[in-house]
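Colleague: Got a minute to walk me through this model? I'd like to hear about the sheet, the core and any odd backbone spots.

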Amino acid sequence: MHTVSVLAYDGMSPFELGIVTEVFGLPRPELEVDWYRLTICADGPVRVVGGATLVADTALDGLAAADTVIVPGVSDVHGTVPPNVVEGLRAAHAAGARLVSICSGAFALAATGLLDGRRAATHWRYAALLAERHPAIEVDADVLYVDDGDVLTSAGSAAGIDLCVHLVRADHGPTIANAVARRLVVAPHREGGQAQFIETPVPAAAEDVIAASMAWAVANLAEPITVESLARRAHLSTRTYLRRFKQSSGTSPIKWLIAQRVQASLPLLESGDLPIPTIATAVGFDSPVTFRHHFARVLRTSPSAYRRAFQPRSTETTPGSANW
């Protein structure tokens, strides 16, 4: 069983602890998978924001036994991370744990030196300070989260939800992650590279022309779709459409469309034996090469490797198709 341990400390926000507990701590027998074991680690009782006191069942040295360690936002980004926390995180990483931070929890990971030479995310308010205090880190203030394999970092508290669902997706695949997201009533997948700050997070009304054009695109992914054709469908100029799309979604139409096509390919890879070129065409990519390129950029694996994770005995026999 995969153990997820979350660090608890004085002055922490219970909201971020709640995110971790909701995703990894609740039993989910309906999913019929070996779910996570959650532990909360702290040395003694800790006071949380709001005046409550939390008593953890596991001491801080329990982090070393975890498969994944999650660090919520620190209580003071200008403060010094306690030595026992630094050593606990280093010991966990040395033992093979995956380290994860939410929001300003990146400051705790930075204090260990484990973010040096890596790209990392934190809340946009703290990005400049993190970069100033730790110049060896490539701080990205524009993304929701960064997955660097064994160390992952996220932006603000809500982005922590995205990152936790992303971890479930990495561990159990998109079908299970989508089921968890539905229970949380959140979007099943937001790519980590999406912008943190969106001027208009949701359309102003259900009939918003941008939302309508996006819904049409999702229903017609196999068709050739261009920014110009989307703009025409929304009865807007291309320039106005680009601006309003960015305001509504935080990304560009092309990046969004690529992500939707990759997402649509996952069930086809998981549950069937369609050749890669057929899947590429079915979700709207103009060639298998283009499909593989974008799939690898989004999910950091190839379509064939992704399929093997769900169908270990399957092989592709289509003449002329590459397996990588």
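Here are a few questions and answers on it.

Modeller: Bear in mind that this is a predicted model, where local features need pLDDT of at least 70, side-chain atom pairs count only at pLDDT 80 or more, and totals for chains, interfaces and linings use all residues. Residues are numbered from 1 along each chain as its sequence is written, and side-chain values use heavy atoms, with hydrogens and water left out.

Colleague: Which strands stand at the edges of the open sheet?

Modeller: Six strands run in the order β2-β1-β5-β6-β10-β9, with mixed pairing. Pairing takes at least two DSSP bridges between two strands, and strands are DSSP runs of E with at least two residues, while helices are H or I runs of at least four, all numbered from the N terminus. Each edge strand has a single partner, so one side of each lacks a neighbour in the sheet; those strands are β2 (37-41) and β9 (145-147).

Colleague: What is the bridge partner of V6 in β2?

Modeller: Strand β1 covers residues 3-7 and pairs with β2 in the parallel sense over five bridges. In β2, V6 is matched with I40.

Colleague: Which helix gives the largest share of the largest nonpolar core?

Modeller: A nonpolar core is a set of buried Ala, Val, Leu, Ile, Met, Phe, Trp, Tyr and Cys residues joined through side-chain atoms within 4.5 Å. This one has 64 residues, and F24, L63, V69, L89 and V168 are those with the most contacts inside it. The largest share, seven residues, comes from helix α5 (residues 157-172).

Colleague: How far apart are the axes of α7 and α10?

Modeller: Axes are lines fitted to C-alpha atoms, for helices over the stretch in contact (heavy atoms within 4.5 Å), and angles run from 0 to 180 degrees between N-to-C directions. The contact is made by M214, A217 and V218 of α7 with W256, L257 and Q260 of α10. The helices pack at about 35 degrees, and their axes are apart by 10 Å.

Colleague: E32 and C103 both have a positive phi; is C103 buried or exposed?

Modeller: Most residues other than glycine have a negative phi. E32, in the loop between α1 and β2, is exposed at a relative accessible area of 73%. Buried means under 20%, exposed over 50%, and partly exposed in between, with a 1.4 Å probe and protein chains only. C103 sits in the loop between β6 (98-101) and α3 (106-111), and at 8% relative accessibility C103 counts as buried.
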